[in-house]
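Me: Please take a close look at the largest pocket and set it in the context of the whole chain. Which residues line the largest pocket?

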Amino acid sequence: MMNLIKSEKELYGSFKVDIKSVMKMENISRTKLSKVTGIKYDIINKYYNDRCKQVDLGTLAKICCVLKCNVQDIIIYEAKLVSESDEI
């Protein structure tokens, strides 16, 4: 039987947090980013591994400031896949 209930990701797409690549370009570790920003290591680790359920704007601001980047450099929108059965 077909699954008629679509997930939010299937309906709207999703966001991906990618601080890993910017951290690599800036040559900064999770430990150093944690110390410089004052953000707990476990929170930095969640962002680093894209395991955030929600993001905090203050946290993003601190990360962007230290990594010298814009929010669009670390938050990526992944659009939903459009199929022929999608209604407009």
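Reply: The answer below starts with the whole chain, turns to the pocket, and ends with a strand and the cysteines.

This is a predicted model, in which local features need pLDDT of at least 70 and side-chain atom pairs count only at pLDDT 80 or more, while totals for chains, interfaces and linings use all residues. Residues are numbered from 1 along each chain as its sequence is written, and side-chain values use heavy atoms, with hydrogens and water left out.

The protein chain has a mean pLDDT (the predictor's confidence in each residue, from 0 to 100) of 88, and 85% of its residues reach 70 or more. Among its elements, helix α3 (residues 30-37) has the highest mean, 98, and helix α1 (residues 8-12) the lowest, 76. The chain holds six helices and two strands (DSSP runs numbered from the N terminus: H or I of at least four residues for helices, E of at least two for strands). Along the sequence they follow the pattern α-β-α-α-α-α-α-β. Of the 88 residues, 26% are buried (under 20% relative accessible area with a 1.4 Å probe, protein chains only; over 50% is exposed and in between is partly exposed). Among contacts (heavy atoms within 4.5 Å) with a separation of 6 or more, 61% join residues 24 or more positions apart.

Now the pocket. The largest pocket has a volume of about 190 Å³. A pocket is an open set of points on a 1 Å grid over the protein atoms alone where a 1.4 Å probe fits, with protein on both sides within 12 Å along at least five of seven lines; lining residues have an atom within 4 Å of a point. The volume is the space filled by probe spheres set on the points, which are joined across faces, edges and corners. The lining consists of F15, K16, V17, D50, C52, K53, Q54, V55 and I75. Five of these are nonpolar, one is polar and three are charged. Strand β1 gives the most, with three residues.

Strand β1 covers residues 14-17 and includes S14. S14 counts as buried because its relative accessible area is 17%. Beyond its neighbours within four places in sequence, S14 contacts K9, I76, Y77 and E78.

Finally, the cysteines. The disulfide count is zero, the rule being a pair of cysteine sulfur atoms within 2.5 Å. The cysteine sulfur closest to that of C69 is in C64, 4.0 Å away, so the two are too far apart for a bond. C69 is buried, since its relative accessibility is 14%.

Key
Ala, Val, Leu, Ile, Met, Phe, Trp, Tyr, Cys and Pro count as nonpolar, Asp, Glu, Lys and Arg as charged, and the others, Gly among them, as polar.
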